[in-house]
Amino acid sequence: MLAIVGLLVVVASVIVGYLASHGNLLTLWQPFEVLIICGAALGAFMVANPLTVQKKTLRLLPQVIKGSHHNKDFYLQLLGLMYCLLQKSRLEGFLAIEDDIESPQQSELFNRFPKVLKDHEVVNFLTDNYRIFTLTGLPAYEIEAIMDNEVEQIAEELMEPSHALHRVAEGLPGFGIVAAVLGIIITMGSIGGPLEEIGTHIAAALVGTFLGIFFAYGFVGPVSSHMDSLGTHELKAYLCVKACLSSVVSGYSPPIAVETGRKLLPPEMRPSFIDLSVDLKQYRVQSAAAESE
């Protein structure tokens, strides 16, 4: 929501300042200039980036407006899921959670945490590495090295939409100049005509330069930076899972492992120690009730 407010402030500041200088808004209405600039930028974006990056970028755009779904509630459920898995495997053995790991979408345990279950990438990261942990019997440092390599690759992939939009922002002023040059070409064809007509063509050409710079620094650039922060927040989920698994492999108990993962979360999204303790106590009560049934 703050992103919308910020974009509205950008637009309002420019328009109010322009009107205060006795500008005419109709002069800025140049749909063909917008078509040239935005169409060329979209085409360049499609050429420069593979389809997977394009899809990721489109998928992230709603989160720019609504906010990241990797929020405090998501992380609280993620920590709860890690605790339940680790505690169940510790008390009942690794075979007790084999079905949960192999089919998380059908798992009753995973379905207690719907927000985490919707994030298929995080769930796959968790199940794949838990499977390695249970099947290979590798020492802690080797499992951690495997996860480090995967997290490094995931970090690069999460930053791709931001980098893609950043390149578009860098190119938009250039496309604005292209639109302006085309407008000057049209103007030169009107030489010898009425001065009012020549002035209108020159104004339209200059609007192209303005729009290219305005779109770059007022819209696409800030959205690119916002996507960078969204990727950073999402990466914290993988680091949290990695920390929990590494702690268990190293011999720590599930509560300590979960606390290790909690400390890696962003401060503004991190559940408090008290909130986590209350939730873990509730999960223990639910597990005991399920066992008694």
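In the predicted model, helix α9 (residues 120–136) and helix α10 (residues 140–188) pack at an angle of about 160 degrees, with their axes 11 Å apart; helices here are DSSP runs of H or I of at least four residues, numbered from the N terminus, and axes are lines fitted to C-alpha atoms over the stretch in contact, with angles running from 0 to 180 degrees between N-to-C directions. The two helices α9 and α10 are therefore roughly antiparallel, a description applied to angles over 145 degrees. Their crossing is right-handed, that is, the near helix is turned clockwise from the far one by less than a right angle. The contact (heavy atoms within 4.5 Å) is formed by F125, N129, I132 and F133 of α9 together with I143, I146, M147, E150, V151 and I154 of α10. By class, this contact of α9 with α10 comprises eight nonpolar residues, one polar and one charged, where Ala, Val, Leu, Ile, Met, Phe, Trp, Tyr, Cys and Pro count as nonpolar, Asp, Glu, Lys and Arg as charged, and the others, Gly among them, as polar.

Helix α11 (residues 195–249) takes part in two of the packings described here. With helix α12 (residues 254–262), α11 makes an angle of about 150 degrees at an axis distance of 8 Å, and α11 and α12 are therefore roughly antiparallel. The crossing of α11 with α12 is right-handed, and the contact involves C240, A243, C244, S247 and V248 of α11 and A257, V258, T260 and G261 of α12; six of these residues are nonpolar, three are polar and none is charged.

With helix α4 (residues 51–66), by contrast, α11 packs at about 95 degrees, the axes lying 10 Å apart, so that α4 and α11 are roughly perpendicular, a term covering 65 to 115 degrees. Here T57, L60, L61, Q63 and V64 of α4 meet V223, H226, M227 and L230 of α11, a set with six nonpolar, three polar and no charged residues.

The mean pLDDT (the predictor's confidence in each residue, from 0 to 100) of the protein chain is 85, and 96% of its residues reach 70 or more. Among the elements, helix α3 (residues 31–48) has the highest mean pLDDT, 92, and helix α13 (residues 273–292) the lowest, 66. Where pLDDT is low, the predicted coordinates should not be read in detail.

Residues are numbered from 1 along each chain as its sequence is written. For this predicted model, local features need pLDDT of at least 70 and side-chain atom pairs count only at pLDDT 80 or more, whereas totals for chains, interfaces and linings use all residues, and side-chain values use heavy atoms, with hydrogens and water left out.

Definitions and conventions
Parallel < 35°, antiparallel > 145°, perpendicular 65-115°, else oblique.
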